[in-house]
Amino acid sequence: MRWTGGSALYGTVRIGRVAGVPVGVHWSWAVVFGLFVWSLARGVFPATNPGLDGAEYAVMAVVATTLFFGSLLLHELGHAIVARREGVRIDGITLWLFGGVARLAGPLPSARAELRLALGGPAVTAVLVVLFGVFAHLTRFASAVDGVAAWLAYINVILLGFNLVPALPLDGGRVLRALLWQARGDFGWATVVAGAVGRVIGIAMIAAGFASIEYTGIFGGVWLALVGWFVFMAAGAEAVAASRTRTRDVAGRAGLEAQTRRPRSGRL
Ligand SMILES: [Zn+2]
């Protein structure tokens with residue numbers, strides 16, 4: 001699987017355009033959708049909003065999962081809109097197993113541009129947390145509506161926190177890379193360091209996932225371990241790609257060329 005470059009994940013179905021950006025859904029998102037609807041309808045909502053019937057929980061679960069899907073899409077659009085403003089071409093947005101991916105087709109112009117780009121998605125998610133939170137707490141709707149809004153605020157907080165973990169390729173890892181890039185003016189070095197940090201955090205997530213199965217249940221623990229594995233693999237792939245390009249640049253024209261090398265593409 002390629003982690004850099006403009007191609008969509010194999011098995012992605014294009015569903016349309018939002019704000020001029022092509023949006024696709026990978027088949028693995030259907031699995032996530034099903035798991036969310038099932039666990040919300042059978043476990044979460046009966047616990048948070050007791051006294052409703054099975055059909056009401058099912059409707060709440062489908063609405064909540066659909067709006068969560070919309071939240072992920074808006075997060076990626078946050079990245080895409082900043083990218084466009086920075087003059088970086090966006091190939092498209094794909095929603096897949098572990099959330100969303102905004103594929104950049106052009107080079108990142110500067111460390112500051114990468115920083116703004118990396119924060120574009122989390123900024124949107126932070127706004128959604130406030131909106132769903134206010135909606136759930138200040139309004140007096142039916143229990144079902146309150147329950148869905150409260151869960152959406154909660155899941156977006158999780159999404160925000162998780163995305164800001166400083167592990168490449170997560171947004172927090174891109175923030176870390178942008179800061180390192182800015183500090184030394186060397187994109188390749190920044191990617192190698194941020195990639196190493198990402199791999200360490202990935203291993204820690206795998207360990208934490210297996211260690212927490214007793215408390216979070218098999219699903220939560222294995223999920224965390226799987227995400228850790230994804231972070232570990234993707235952080236390694238980014239660092240290897242950057243160090244290869246860097247080596248080639250150094251071998252080719254040496255010095256300044258490598259120092260000012262711009263990334264060709266990336267995923268957010
Ligand atoms: Zn993001």
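In this predicted model, Gly16 faces Val23 of strand E2 across a pairing of two strands. Strand E1 (residues 12-18) and strand E2 (residues 21-26) run antiparallel and are joined by 6 bridges. The hairpin that E1 and E2 form has 2 residues between the strands, and Ala19 adopts a positive phi near 50 degrees there.

These two strands open a chain whose elements, read from the N terminus, follow the order β-β-α-α-β-β-α-α-α-α-α-α-β, giving 8 helices and 5 strands for the protein. Of its 268 residues, 41% count as buried, and among contacts with a separation of 6 or more, 65% are between residues 24 or more positions apart.

Helix H4 (residues 143-163) can be checked against its expected length: at 1.5 Å a residue its 21 residues should span 30 Å, and because its end C-alpha atoms are 30 Å apart, the two values agree. The buried residues of H4 are Gly147, Val148, Ala149, Trp151, Leu152, Ile155, Asn156, Leu159 and Asn163. An α-helix has 3.6 residues a turn, so residues three or four places apart point the same way. The cover over the buried residues of H4 includes helix H1 (28-48), helix H2 (54-85), helix H3 (111-138) and helix H5 (171-184).

Two helix pairs can be set side by side, as follows.

| Pair | Angle between axes | Axis distance | Residues in the contact by class |
|---|---|---|---|
| H2 and H3 | roughly 145 degrees | within 7 Å | 8 nonpolar, 7 polar, 2 charged |
| H5 and H6 | about 145 degrees | 8 Å | 9 nonpolar, 3 polar, 2 charged |

H2 passes H3 in a right-handed crossing. On the H2 side the contact comprises Ser71, Leu74, His75, Glu76, Gly78, His79, Ile81, Val82 and Ala83, which meet Arg116, Leu117, Gly120, Gly121, Ala123, Val124, Thr125 and Leu128 of H3. By class, this contact of H2 with H3 divides into 8 nonpolar, 7 polar and 2 charged residues.

The crossing of H5 past H6 (residues 187-211) is likewise right-handed. Here H5 contributes Gly173, Leu176, Arg177, Leu180, Trp181 and Arg184, while H6 contributes Phe187, Trp189, Ala190, Thr191, Val193, Ala194, Val197 and Gly198. The contact of H5 with H6 has 9 nonpolar, 3 polar and 2 charged residues. Helix H5 thus appears in two settings, since this helix packs with H6 and is also included in what covers the buried residues of H4.

Note on methods
Residues numbered from 1 in each chain as written. Predicted model: local features only at pLDDT ≥ 70, side-chain atom pairs only at ≥ 80, totals over all residues. Helix = DSSP H or I, 4+ residues; strand = E, 2+ residues; numbered from the N terminus. Expected span 1.5 Å × (residues − 1). Buried ≥ 20, exposed ≤ 12 C-beta atoms within 10 Å, placed from the backbone. Contact = placed C-beta atoms within 7 Å. Pairing = 2+ DSSP bridges. Axes fitted to C-alpha atoms, helices over the stretch in contact; angles between N-to-C directions. Left-handed = near helix turned anticlockwise from the far one by under 90°. Nonpolar A, V, L, I, M, F, W, Y, C, P; charged D, E, K, R; others polar.
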